[in-house]
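Here is my notebook from an afternoon of looking things up in one structure. I wrote each entry as I went along, so please read with the model open beside you.

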Amino acid sequence: MTYTTVLTEIRGRVGIVTLNRPQAMNAFNDTMLSELFDALETFDKDEQVGAMVVTGSEKSFAAGADIKVMSESSPFEMINTGRVDQFDRIQKINKVVIAAVSGWALGGGCEFAISCDMIVASETAKFGQPEINIGIIPGAGGTQRLARLLGKHLAMEMVINNRTLSAAEALQFGFVNHVASVDGYLDKAVALAEEIAARAPLAVRMAKDSVDAAFETTLTEGLKAERRNFYPLFSTEDQREGMKAFIEKRKPNWKGK
Ligand code: CO8
């Protein structure tokens, strides 16, 4: 598949998608949105790929939705283009997706980053929801995910008063997993993805699904969801192999079965 607004590459067992609209600070137009999710879905199906990284440029991960495209839109056009719905496609990805963020992660860019499974930031990363400045609110999950990730008060300040988070603050709040230099953040994200890709694939998938369940439901239902994912793993070759390897004091050889 040839894309015009994203670049794709497979490094080791890591599928990398690079947002590539430098002239617009990687703002999402409709083409970039559909290419981004097509690329992720393609990697999700590719057996060569064990985990994925999405990144932008050093200056800007993504500056949100393309304001020039949306400026004259009516509600019906917004609904009919399905551009907001595109963001829901991330929830159907089974493999782990890591956002490698440098520079601006604003509006839809911040919303996309926080809908990934982990975030590695460069020291220059800045996260924010500036929609209030242009007379709207976040529409791709920002109000809900920020409130769950950061609590009510900080989420309110970010959404209502354009409070941005620096990389250091994001690390302090547990909003990002790691902060690295601008030269090193992408390698750090790829190394993390490579480590995950080397783990037992079915267990990784069930682990991701179980943690995600915590954002959807009550504790009692979440515990049930965890157990529904836990027991079937005892029917896998990898469970036998993992436990046998532990006892035999050797490295396991995962089959993904
Ligand atoms: N949309 C369109 N063009 C943009 C955007 C954007 N979001 N961000 C930057 N650009 C363009 C600029 O217009 C400029 O283009 P040109 O050279 O043709 O004038 C170019 O990128 C460079 O930008 P700046 O000159 O402004 O660069 P600075 O370094 O001075 O500033 C900033 C960088 C801080 C990123 C600044 O450009 C900015 O504030 N951008 C807007 C950020 C914003 O408001 N984002 C929220 C958008 S709304 C949104 O995301 C809602 C999501 C709803 C659901 C998703 C539906 C798809």
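**Entry 1: the end of the chain**

I began with Lys 249, which sits in the segment after α11 (237-247). I was working with a predicted model, and I kept that in mind throughout. The backbone of Lys 249 caught my eye, with a positive phi of about 55° although the residue is not a glycine. Is Lys 249 buried or exposed? I looked up its relative accessibility and found 78%, so Lys 249 counts as exposed, the cut-off being over 50%.

Next I stepped back into helix α11, where I found Glu 241. Glu 241 counts as buried, because its relative accessibility is 15% and the limit for buried is under 20%. Leaving out residues up to four places away in sequence, I noted that Glu 241 touches Arg 250, Lys 251, Pro 252 and Asn 253. For Asn 253 I could add a polar contact: its backbone nitrogen lies 2.7 Å from a polar atom of the Glu 241 side chain. I also took one long distance, from Glu 241 to Gly 174, and got 34 Å between C-alpha atoms for two residues that are 67 apart in sequence.

**Entry 2: another positive phi**

I then turned to Asn 162, which has a positive phi of about 55° and is not a glycine. Asn 162 belongs to the loop between α6 (152-161) and β9 (165-166). Its relative accessibility is 24%, so I wrote down "partly exposed" for Asn 162.

Thr 164 is found in the loop between α6 and β9. Thr 164 is partly exposed, at 24% relative accessibility. Which residues does Thr 164 touch, not counting residues up to four places away in sequence? I listed Lys 126, Phe 127, Gly 128 and Glu 169. From Thr 164 to Glu 221 I noted 34 Å, C-alpha to C-alpha, with their positions 57 residues apart in sequence.

**Entry 3: around the ligand**

How many residues surround the ligand? I got 25, and the closest are Ala 63, Ala 65, Ile 67, Lys 68 and Gly 108. I went through some of these for polar contacts. A backbone N or O atom of Ala 63 is 2.9 Å from a ligand nitrogen. For Ala 65, a polar backbone atom lies 2.8 Å from an oxygen of the ligand. Ile 67 also brings a backbone N or O atom, 2.9 Å from a nitrogen of the ligand. I then checked the surface: the ligand taken alone exposes 1,100 Å², and the protein buries 67% of that.

Which elements give two or more residues to the shell around the ligand? They are α2 (67-70), β6 (104-106) and α4 (108-115). Of the elements, α2 gives the most, with three residues. By type, I sorted the shell into 15 nonpolar, five polar and five charged residues.

**Entry 4: a buried asparagine**

Asn 26 is in the loop between β2 (14-19) and α1 (30-45). I found a relative accessibility of 2% for Asn 26, so this residue counts as buried. Its side chain reaches the backbone oxygen of Ser 60 at 2.9 Å. Beyond residues up to four places away in sequence, the contacts of Asn 26 include Leu 19, Met 32, Gly 56, Phe 61 and Gly 64. I smiled at one more name on that contact list, Ala 63, as I had already met Ala 63 beside the ligand.

**Entry 5: aromatic rings**

I searched the whole structure for aromatic pairs and found seven. One of them joins Phe 230 and Phe 234, edge-to-face, with 5.3 Å centre to centre and 65° between the planes. Both numbers went into my notes because a ring pair is described by the distance of the centres and the angle of the planes. Phe 230 is partly exposed at 43% relative accessible area, and Phe 234 is partly exposed at 37%. I also found a cluster, in which ring pairs link Phe 28, Phe 37, Phe 61, Phe 87 and Phe 112.

**Entry 6: one last distance**

I finished with Arg 228, in helix α10 (residues 219-230). Arg 228 is exposed, with a relative accessible area of 54%. The C-alpha atoms of Arg 228 and Ser 71 are 46 Å apart, and 157 residues separate the two along the chain.

Terms used. Residues are numbered from 1 along each chain as its sequence is written. This is a predicted model: local features need pLDDT of at least 70, side-chain atom pairs count only at pLDDT 80 or more; totals for chains, interfaces and linings use all residues. Side-chain values use heavy atoms; hydrogens and water are left out. A residue is near a molecule or strand if one of its heavy atoms lies within 4 Å of it. A polar contact is a pair of N or O atoms within 3.5 Å; within protein, one must be able to donate a hydrogen and the other to accept it, and residues adjacent in sequence count only if both atoms are side-chain atoms. Accessible areas come from the Shrake-Rupley method with a 1.4 Å probe; for residues, only the protein chains shown count as cover. Helices (H or I, at least four residues) and strands (E, at least two) are DSSP runs, numbered from the N terminus. Ala, Val, Leu, Ile, Met, Phe, Trp, Tyr, Cys and Pro count as nonpolar, Asp, Glu, Lys and Arg as charged, and the others, Gly among them, as polar. Rings of Phe, Tyr and Trp (its six-membered ring) pair if their centres lie within 6.5 Å; planes under 30 degrees apart count as stacked, over 60 as edge-to-face and the rest as tilted. Buried means under 20% relative accessible area, exposed over 50%, partly exposed in between (1.4 Å probe, protein chains only). Contact means heavy atoms within 4.5 Å.
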